Every structure is written in C-alpha cells, then in structure tokens.
Amino acid sequence: MTNLGVQPLCMESYGSRSAQHYRALPDGRLACIPDGPQNQGFRSLREIFMAFASSITGTLATQAVLKGVGVGDEASTVTAATVTWILKDGTGMLGRIVFAWSKGSKLDCDAKQWRLFADVLNDMAILMEILAPAFPACFTLIVCISGFFKCIVGVAGGATRAALTMHQARRDNMADVSAKDGSQETLVNLAGLFFSLLLIPLVADNLRLTYSLYGLFTALHLYANYRAVRSICMETLNRARLRLVLRHFLQRGKVLGPALANPQEPLVPGFQQQLRVNLGTPLHTVASRVADFQKALEGNATNHLIFVSRAAGTVSILLHRLAGSVDVIKACTHAFLLEVLLYQDVTTSALEEESLLNLQRRLREEPENKDSTAISETHQLLDKIFPRFLAGLTAAGWVTDRNLLGPDEWRMDWTIPEKKTL
C-alpha cells in the first residue's frame with residue numbers, strides 16, 4: 001500500500017480536470033494517485049436524450065415527407081427509401097464524429113495540408129457519385145461511402161477555412177474577411193450553376209463526355225487549390241515549419257524567414273518526419289519507475305522533460321504547468337534536434353559541429369537503455385543554441401508569443417513545495 005505521508009514527486013492535470021500526483025513505491029515504481037473523483041462521464045443525461053429524441057423524430061419526419069411527395073405507391077418502397085436515406089446520413093454523421101475526434105486538434109496546426117486533403121477527398125466523393133448509377137447492386141454502399149467522405153470534407157474544409165480566415169484577418173476583421181469570402185464563393189457557385197444548366201443537356205446520355213469533363217475540371221480544381229494553398233504565407237510556427245527552420249539554422253547558422261520557409265513546407269502530413277513527437281503527454285505513459293523520472297530531470301533547467309524511444313520511433317515531451325509559448329517552441333526544438341542527431345548528417349553543420357558530432361556518435365552507438373547521459377547533455381546543447389535561434393526567429397518575422405505546434409493539455413509540476421507544518 002502506498003504511504004500517503006510521503007511527499008509526492010510531482011503532480012499533473014489535464015485541462016480543468018482534477019489533478020493527480022505521483023509517489024514512489026518501496027520497490028521503486030511510480031504510483032499515480034488521483035487527488036479527487038475522476039468521473040468524467042456524461043454531465044447531463046437530459047441533453048443526451050433531447051438530442052436522441054430529436055434524431056428519432058427527424059427520422060419519422062423524413063419518412064412522412066417521402067410518403068407525402070409520392071415516392072412509390074407501396075409502403076415497402078417508402079420504407080426502403082427511408083432506410084437508404086438514414087444509412088447515407090448515418091454514415092456521414094459517423095464520419096464527422098470519428099474524424100473530428102481523431103484529427104480535430106491537428107486542423108489548426110496543419111491548416112494548409114488539411115485544406116488540400118479536403119479538396120482531394122471531395123473530388124473522390126464526387127467521382128463515386130458519378131459512378132454509382134453504373135453499379136446498381138452496390139448503389140447504396142457507394143452513396144454511403146460518398147456521404148462519409150463528404151462529411152469529413154465538411155469538417156476539414158470548414159475548420160481549415162476558419163483557421164485561414166483568421167490568418168488573413170490582419171486588422172482583426174475576421175467577420176469582414178469571412179463575409180467577403182462567402183460572397184465570392186456564392187458568386188462563383190452561381191456562375192457554376194448557370195454553366196451547369198447549359199452543360200447538363202449535353203452530357204445527359206453521354207458517359208464518355210461526362211467522365212472526360214469530370215477529369216478536366218477535377219484537374220483544374222486540384223491545381224488551382226494547390227497553387228492557392230502554396231501561396232499562403234503563415235508567420236506562426238507549426239511542426240513542419242519549425243523542422244525546416246531548425247535544420248536550415250543548424251546547417252547555415254541563419255534562420256529562414258516565413259517567405260522562404262512556407263514554399264518549402266510539405267503539404268502531405270507526416271512527410272519528412274522521422275520521429276513521432278508527442279507533445280504534452282502524461283508521465284505514466286513514458287515512465288514506470290522513479291529512476292526514469294529522475295534521469296529525465298538530470299541537467300534539465302527547462303520547463304519540459306523529454307523521453308526518447310528509438311524502438312517505437314517516438315519522442316515524448318512532458319510540459320510544466322508554467323510552460324508558455326516560447327517554452328513549447330523550445331521543447332519541440334529539442335525533439336527535432338534529437339531527430340537531426342539520430343537521422344541527419346551533421347558533418348556540415350555551421351553551429352556547434354564538434355558537440356553535434358560527439359552527441360550523434362554516442363546516441364547512435366550506445367544501446368537505448370544506456371543513453372540517458374547523452375540525452376541529458378542535449379539539454380546543455382539546447383541551452384547554448386536556443387537563445388540565438390529564438391532571437392533569429394523574432395528577427396526573421398516569426399511569431400513566438402503563440403504557436404501551432406499542437407501540444408496536448410497534460411501539464412505537470414515537478415517542483416512540489418514542502419508542506420507547511422502548523
């Protein structure tokens with residue numbers, strides 16, 4: 001049983017949830033103890049049942065509308081149409097929920113990449129709808145998958161549009177920019193509607209022409225969107241831009257400005273990434289023993305702790321509760337510095353070449369379970385180069401008081417004050 005009188009080693013919390021603390025067990029393991037009830041279940045059953053009831057009544061209304069407008073003469077036809085409609089909407093809702101849950105926090109960080117992804121997925125959904133009548137046996141399945149894709153497009157496109165609109169609102173006039181953007185889109189869609197009215201009679205019975213026009217307009221759409229996304233110049237640092245800027249800084253000793261870094265930013269998520277960086281993780285996912293936690297503290301005067309697993313290809317970073325934007329940038333810089341040391345050539349580095357080569361040799365040659373000394377020495381190297389790097393970021397025009405590095409909400413306090421005795 002854990003001795004509750006022992007001073008906790010550290011405390012952590014996730015957002016506004018109750019905190020939890022860690023204590024050392026007699027056998028050297030870490031014990032995670034909640035400070036309060038952790039029941040984060042549904043807060044209001046009334047709201048859930050209201051939404052559920054609304055969904056059911058909506059389904060009944062759909063069936064009534066289909067019957068009222070004369071879809072089929074028999075009840076089975078109306079029922080079949082209703083079921084198809086429900087399946088299509090249901091798969092779309094599922095796609096919206098799953099995508100928002102799994103990728104929602106990434107949409108702000110990589111707005112350009114997800115904007116292009118939404119365009120590609122939308123064109124795929126349109127292609128499936130065009131091909132669906134040619135496969136009557138699989139019509140419902142194809143339409144459901146298309147609806148699934150379109151709902152993902154709705155989430156990704158809407159969220160990234162908001163992020164990019166915020167970037168374009170240089171005078172804090174987001175409502176004005178959003179209104180004008182909506183007006184432009186409406187005008188273009190209106191022109192497209194009139195053109196479609198002229199085009200439909202020509203392609204009604206000509207599948208070859210339909211597919212040819214689809215290929216032509218899809219190619220134009222994707223190229224135009226690629227050029228539009230590539231032209232965006234963002235001054236906030238996300239992981240791809242920070243990785244590019246840091247590598248150039250180590251090689252040339254100079255910081256790339258936003259105008260030079262943005263055109264080089266990869267538009268495929270995960271491209272040029274060799275280590276997966278988990279920013280803002282809880283302690284229990286990376287350390288099970290007190291010794292592991294103490295090793296992470298060695299030689300470390302920053303507001304982050306770093307754990308490396310070369311076997312899994314991950315760098316996990318724990319953030320202090322007082323960590324601000326610059327601390328988060330420094331923590332992510334530390335992770336990308338380790339990525340450079342493990343996988344890149346540093347023989348032509350313009351900064352700290354001897355230190356980089358020495359650390360690189362030790363990190364690559366020593367077994368993973370014995371590289372804690374080298375990891376702690378990377379803190380010292382980071383302390384040498386980061387002040388100059390940060391000054392270069394500011395001088396080059398990068399924004400450092402906020403970032404798009406996407407840290408999770410776990411925060412720790414490993415400097416626990418002594419309890420006062422009365």
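1. Two strands are taken to pair where DSSP finds at least two bridges between them, and the points below on this predicted model rest on that usage. An open sheet of three strands, in the order 5-7-6, shows mixed pairing. Strand 5 (276-279) and strand 6 occupy the edges with a single partner strand each, so one side of each has no neighbour in the sheet. From one strand to the next the twist averages 15°.

2. The mixed character of this sheet can be followed pair by pair. Strand 5 and strand 7 run parallel and are joined by four bridges, with Val 277 standing opposite Val 315 in strand 7. Strand 6 (residues 304-309) and strand 7 (residues 314-319), by contrast, run antiparallel and are joined by six bridges, and here Ile 306 stands opposite Ile 317 in strand 7. The hairpin that these two strands form has four residues between the strands, and Gly 313 takes a positive phi near 70° in it.

3. A second open sheet to examine has four strands in the order 3-2-1-9, with antiparallel pairing. Its edges are strand 3 (30-34) and strand 9 (410-413), each of which pairs on one side only. Neighbouring strands in this sheet are turned against each other by 25° on average, direction ignored. Strand 1 (residues 10-14) is joined to strand 9 by four bridges, the two running antiparallel, and Ser 13 stands opposite Arg 411 in strand 9.

4. Two helices can be described by both their span and their cover. Helix 10 (residues 325-343) has 19 residues and reaches 27 Å from its first C-alpha to its last, close to the 27 Å expected at 1.5 Å a residue; this helix is mostly covered, with 16 of its 19 residues buried. Helix 11 (residues 353-365), with 13 residues, reaches 18 Å between its first and last C-alpha, close to the 18 Å expected at 1.5 Å a residue. The buried residues of helix 11 include Leu 356, Leu 359 and Leu 363, and also Gln 360 and Arg 362.

5. The salt bridges come to a count of 11, and their surroundings deserve separate comment. The side chains of Arg 29 and Asp 27 meet at 2.7 Å, N to O; Arg 29 is partly exposed, with a relative accessible area of 40%, and Asp 27 is likewise partly exposed, with a relative accessible area of 40%. The side chains of Asp 119 and Arg 115 form a salt bridge at 3.1 Å, N to O, and both residues lie in helix 3 (residues 111-131), four residues apart, about one turn of the helix. Because buried means under 20% relative accessible area, Asp 119 at 6% counts as buried, as does Arg 115 at 17%.

6. A further salt bridge links separate helices. The side chains of Glu 339 and Arg 247 meet at 3.3 Å, N to O; Glu 339 lies in helix 10 and Arg 247 in helix 7 (residues 239-252), so the pair ties together parts that are 92 residues apart in sequence. Both Glu 339 and Arg 247 are buried. Elsewhere, Lys 112, Arg 241 and Glu 265 are joined into one network by salt bridges that share partners.

7. On the surface, Leu 190, Leu 193, Phe 194 and Leu 197 make a nonpolar patch of about 410 Å². Of these, Leu 190 is found in helix 5 (residues 174-203), and at 41% relative accessibility Leu 190 counts as partly exposed.

Key. Residues numbered from 1 in each chain as written. Predicted model: local features only at pLDDT ≥ 70, side-chain atom pairs only at ≥ 80, totals over all residues. Heavy atoms only, no water. Patch = residues over 30% accessible without salt bridge, like charges linked within 9 Å, V, L, I, M, F, W, Y side chains within 5 Å. Areas by Shrake-Rupley, 256 points an atom, 1.4 Å probe, with all protein chains shown as cover. Salt bridge = Lys/Arg side-chain N within 4 Å of Asp/Glu carboxyl O. Buried < 20%, exposed > 50% of the residue type's maximum accessible area, 1.4 Å probe, protein only. Expected span 1.5 Å × (residues − 1). Axes fitted to C-alpha atoms, helices over the stretch in contact; angles between N-to-C directions.
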